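Here's a quick briefing to read alongside the model. Have the sequence open too.

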Amino acid sequence: MINPFLTGEKIYLSPLSESDLSDKYIAWLNDVEVCRDNAHATFPNNETKVKAYIEEVQKSQQNFVFAIRLKSNDEHVGNVALQSVNWINKSGELAILIGEKSAWGKGVGYECYKLLLEYGFKTLNLNRIFSGQTTRNKAMIKICEKSGMKREGLLREFLFKNGEYLDLEIYSILKKEYYE
């Protein structure tokens, strides 16, 4: 295992580092299908841009970004983050990118959400964790709901991707709800 930070059944999370920078990782960020519902993905991506992002998040006190690794072989299959943490309001956003399509539909996203909700509430002492999903991203909406998040509302035409405006559904869970 490569510096496991949070460990689940099938996966573990390690802090994102320069050692995670690879052609495969850059390819995920340039894959239209992988990034079709991600608000942060802008094209094109290259080694310089991704390296700068990794350096930025390593220094950040508001963004906790982790590499998702399979326990079976240490393969880096994506990233997950508690980002935009607001220490005054004790809130943060949960975001995920599963780049390896072979890991889709295998419970990786749900396991990441479970690990980061626990970390956010128990370790970071957050009060509210939220996640935004495009209305067409049924798999991520299902993960939010399965994780105990409640739908808060709809941000109409919030995201412009590939020539179209997309609505964003906001889900959240409060610390007291998490521990009920």
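What follows covers the sheet, one core residue and a pocket.

This is a predicted model: local features need pLDDT of at least 70, side-chain atom pairs count only at pLDDT 80 or more, and totals for chains, interfaces and linings use all residues. Residues are numbered from 1 along each chain as its sequence is written, and side-chain values use heavy atoms, leaving out hydrogens and water.

**The sheet**
- Eight strands make an open, mixed sheet in the order 1-2-3-4-5-6-8-7; strands are DSSP runs (E, at least two residues) and helices likewise (H or I, at least four), numbered from the N terminus.
- Its edges are strand 1 (6-7) and strand 7 (150-161), each pairing on one side only; pairing takes at least two DSSP bridges between two strands.
- Strand 7 runs antiparallel to strand 8, with eight bridges joining them, and Leu155 sits opposite Leu168 in strand 8.

**Phe66**
- Phe66 is in strand 3 (residues 64-70).
- Phe66 is buried, at 4% relative accessible area (buried is under 20%, exposed over 50%, partly exposed in between; 1.4 Å probe, protein chains only).
- Leu116 is 50 residues from Phe66 in sequence, yet their C-alpha atoms are 9.8 Å apart.
- Setting aside residues up to four places away in sequence, Phe66 touches several others, including Phe5, Leu13, Val80, Leu116 and Tyr119 (contact means heavy atoms within 4.5 Å).

**The largest pocket**
- A pocket is an open set of points on a 1 Å grid over the protein atoms alone, where a 1.4 Å probe fits, with protein on both sides within 12 Å along at least five of seven lines; lining residues have an atom within 4 Å of a point.
- The largest pocket is lined by 38 residues, with Ile96, Gln133, Asn137, Ala139 and Met140 nearest its centre.
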